[in-house]
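Colleague: Could you walk me through this fold before I start setting anything up? I'd like to go through it piece by piece.

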Amino acid sequence: MVRAVIENTRGEVLTVQRSSDHDWELPGGRLSRGEPPQEGLHREIREETGLRVEIAEIVKANSWINTAGDGGFAVHYYCETTDNGVTLSDEHVESKWVLPEQAEQLLCNSQIDAVHKVMTELKDGSKALDHSSLTPD
């Protein structure tokens, strides 16, 4: 699975609300068989939001076992866009551009961590992103 922390020119992050359970999430989804991750992320973002983005960095990777005992893996990328006009697919019922601190009230922990990494490690320049730290949760 690939997900995007999409930041607009006002420093807001895009969140989308799933139609299935009304939970909020970062845009993204599953890759097709043999699909390169960045190509799949561009596809998922276009399908779900209609946005064109520039993919900048991998910010977080995590893995988990769900209640059915199946494993999952997600890679979160930092993306930028100058476009704020979101056109949702049927997978989502609402979208919100929110300040990073507001995302904490909407997203699950692994997605909050990805937003936090973007804002603290990429945006403030205080330290370079260390890809070796991308270990499973």
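What follows is a run of questions and answers on the chain, its strands, its cores and its pocket.

Colleague: Let's start with the overview: in what order do the elements run from the N terminus on?

Modeller: Bear in mind that this is a predicted model. The chain has three helices and seven strands. From the N terminus on, their order is β-β-β-β-α-β-β-β-α-α.

Colleague: What share of the contacts with a separation of 6 or more comes from residues 24 or more positions apart?

Modeller: The chain has 137 residues, and 44% of them count as buried. For contacts with a separation of 6 or more, the share from residues 24 or more positions apart is 63%.

Colleague: Why is strand 2 described as largely enclosed by the rest of the structure?

Modeller: Strand 2 covers residues 13-18. It pairs with strand 7 (residues 92-98) in the antiparallel sense over six bridges, and two bridges join it to strand 3, again antiparallel. The enclosed label itself rests on burial, because the buried residues of strand 2 number five of six.

Colleague: Which residues are the bridge partners of R18 in strand 7 and Q17 in strand 3?

Modeller: R18 and Q17 point us to two separate pairings of strand 2: one with strand 7, the other with strand 3. On the strand 7 side, R18 is matched with H92. On the strand 3 side, the partner of Q17 is W24.

Colleague: In the hairpin of strand 2 and strand 3, which turn residue has a positive phi?

Modeller: That hairpin has five residues between its strands. Most residues other than glycine have a negative phi. The one to look at is not a glycine, yet its phi is positive at about 65°. It sits in the loop between strand 2 and strand 3 and is H22.

Colleague: And is that H22 buried, exposed or partly exposed?

Modeller: Buried would need under 20% relative accessible area, and exposed over 50%. H22 comes out at 45%, so its class is partly exposed.

Colleague: Now for the other hairpin, strand 5 and strand 6: which residue there takes a positive phi?

Modeller: Strand 5 (residues 54-65) and strand 6 (residues 71-80) are antiparallel and share ten bridges. I65 stands opposite G71 of strand 6. Five residues lie between the strands, and the one with a positive phi, near 85°, is G69.

Colleague: Which members of the largest nonpolar core touch the most other members?

Modeller: This core has 15 residues, and strand 1 (2-7), strand 2, helix 1, strand 5 and strand 6 each supply at least two of them. There is also a second, separate core of 14 residues, with V13, V59, Y78 and V98 among them. Back in the largest core, the members touching the most others are I6, L41, I45, L51, V53, Y77 and C79.

Colleague: Which backbone oxygen does the side chain of T49 reach?

Modeller: T49 lies in helix 1 (residues 37-49), and it counts as buried because its relative accessibility is 0%. Leaving aside neighbours within four places in sequence, its contacts are L14, V16, P27, G85, V86 and T87. Its side chain, at 2.6 Å, reaches the backbone oxygen of I45.

Colleague: T81 caught my eye too: which residue's backbone nitrogen lies 3.1 Å from a polar atom of its side chain?

Modeller: T81 is in the loop between strand 6 and strand 7, and at 5% relative accessibility it counts as buried. Beyond its neighbours within four places in sequence, its contacts include I6, R52, V53 and W97. The backbone nitrogen in question belongs to D83.

Colleague: How far apart are the C-alpha atoms of K117 and Y78?

Modeller: K117 belongs to helix 3, and it is a lysine that counts as buried because its relative accessibility is 18%. Along the chain, K117 and Y78 are 39 residues apart. Their C-alpha separation is 9.4 Å.

Colleague: Last one, on the largest pocket: which element gives the most to its lining?

Modeller: The pocket holds about 490 Å³ of space. Its lining has 25 residues, and the closest to its centre are M1, R3, R18, E25 and W64. Elements giving two or more residues include helix 1, strand 5 and helix 3 (109-123). With five residues, the one giving the most is strand 6.

Note on methods:
Residues are numbered from 1 along each chain as its sequence is written. This is a predicted model: local features need pLDDT of at least 70, side-chain atom pairs count only at pLDDT 80 or more; totals for chains, interfaces and linings use all residues. Side-chain values use heavy atoms; hydrogens and water are left out. Two strands pair if DSSP finds at least two bridges between them. Helices (H or I, at least four residues) and strands (E, at least two) are DSSP runs, numbered from the N terminus. Buried means under 20% relative accessible area, exposed over 50%, partly exposed in between (1.4 Å probe, protein chains only). A polar contact is a pair of N or O atoms within 3.5 Å; within protein, one must be able to donate a hydrogen and the other to accept it, and residues adjacent in sequence count only if both atoms are side-chain atoms. Contact means heavy atoms within 4.5 Å. A nonpolar core is a set of buried Ala, Val, Leu, Ile, Met, Phe, Trp, Tyr and Cys residues joined through side-chain atoms within 4.5 Å. On a 1 Å grid over the protein atoms alone, a cavity is a set of points where a 1.4 Å probe fits but cannot get out, and a pocket is an open set with protein on both sides within 12 Å along at least five of seven lines; lining residues have an atom within 4 Å of a point. Grid points are joined across faces, edges and corners, and a volume is the space filled by probe spheres set on the points.
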